[in-house]
Amino acid sequence: MSDNLMMFIVTSIVLALAPGPDNLYVISQSALYGARTGLIITLGLCSGLIIHIAAVVFGLATWLTTSPMTFVWLKIIGAGYLLYLAWCALRTPVITALTDTKRLDTSLSLLRIGLLMNVSNPKVALFFLAFLPQFIDTS
């Protein structure tokens, strides 16, 4: 196994294990509404990876390196969405053991939430747009 591949695998595992807003959201929703809800959100998160991969394949990383302002706007949009999710979480009533905990969202909306969270997550965007292209053999 080449040194580059080994370094990529180790770094990818470390980054994947670092908890972020996506991980915390899946854990909290799974605890509140069950494993099925967590799995649907995770499927949405994984679907977002396809968009990040497509961005790298079609040269978005190159475009962002030549246009720093575009990357700043991408970070602002991602941070804005995360702030919106935090605001929604603060406005949601606290669920106690005495409160009915039936599912609040449909499967499609849970999938959409996961997808939007992944696509707007700055950590994932940085990984795919800045880190991943370093390991691509251009020849």
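Begin by selecting helix α5, residues 68-91, in this predicted model. Within α5, Phe71, Gly78 and Tyr81 are buried. The helix has 24 residues, and its first and last C-alpha atoms lie 35 Å apart, close to the 34 Å expected at 1.5 Å a residue.

Next, show the whole protein chain as a cartoon. Seven helices and zero strands appear, so that the order of elements from the N terminus reads α-α-α-α-α-α-α. Of the 139 residues in the chain, 27% are buried. The chain exposes about 9300 Å², and carbon and sulfur atoms supply 74% of that area. Among contacts between residues at least 6 apart in sequence, 80% join residues at least 24 apart.

Move to helix α3, residues 35-57. The expected span of its 23 residues, at 1.5 Å a residue, is 33 Å, and the end C-alpha atoms are 33 Å apart, which agrees. Colour the buried positions of α3: Thr37, Gly38, Ile40, Ile41, Gly44, Leu45, Gly48, His52, Ala55 and Val56. Just after this helix, select Gly59, where phi is positive, at about 90 degrees.

Two of the buried residues of α3, Ala55 and Val56, lead into the next stop. Display the side chains of Phe8, Ala55, Val56, Leu64, Phe71, Val124, Ala125, Phe127, Phe128, Leu129, Phe131 and Leu132; these twelve residues form the largest nonpolar core. Helices α3 and α7 (122-131) are the elements that give two or more residues to this core, and α7 gives the most, with six. Apart from this core lies another, of eight residues, including Ile41, Leu110, Ile113 and Met117. Ile41 is also among the buried residues of α3.

Now centre the view on Phe8, a member of the largest nonpolar core. Leaving aside neighbours within four places in sequence, Phe8 is in contact with Phe127, Phe131, Leu132 and Phe135. Of these partners, Phe127, Phe131 and Leu132 also belong to the core.

For the final stop, switch to a surface representation and select Leu5, Met6, Ile9, Val10, Ile13, Val14 and Leu17. Together these residues make a nonpolar surface patch of about 630 Å². Leu5 lies in helix α1, residues 3-17. Leu5 counts as partly exposed because its relative accessibility is 41%, between the cut-offs of 20% for buried and 50% for exposed.

Definitions and conventions:
Residues are numbered from 1 along each chain as its sequence is written. This is a predicted model: local features need pLDDT of at least 70, side-chain atom pairs count only at pLDDT 80 or more; totals for chains, interfaces and linings use all residues. Side-chain values use heavy atoms; hydrogens and water are left out. Helices (H or I, at least four residues) and strands (E, at least two) are DSSP runs, numbered from the N terminus. The expected span of a helix is 1.5 Å times one less than its number of residues. Buried means under 20% relative accessible area, exposed over 50%, partly exposed in between (1.4 Å probe, protein chains only). Contact means heavy atoms within 4.5 Å. Accessible areas come from the Shrake-Rupley method with a 1.4 Å probe; for residues, only the protein chains shown count as cover. A nonpolar core is a set of buried Ala, Val, Leu, Ile, Met, Phe, Trp, Tyr and Cys residues joined through side-chain atoms within 4.5 Å. Patches are made of residues with over 30% relative accessible area and no salt bridge: like charges are joined within 9 Å, nonpolar side chains (Val, Leu, Ile, Met, Phe, Trp, Tyr) within 5 Å. A salt bridge is a side-chain nitrogen of Lys or Arg within 4 Å of a carboxyl oxygen of Asp or Glu.
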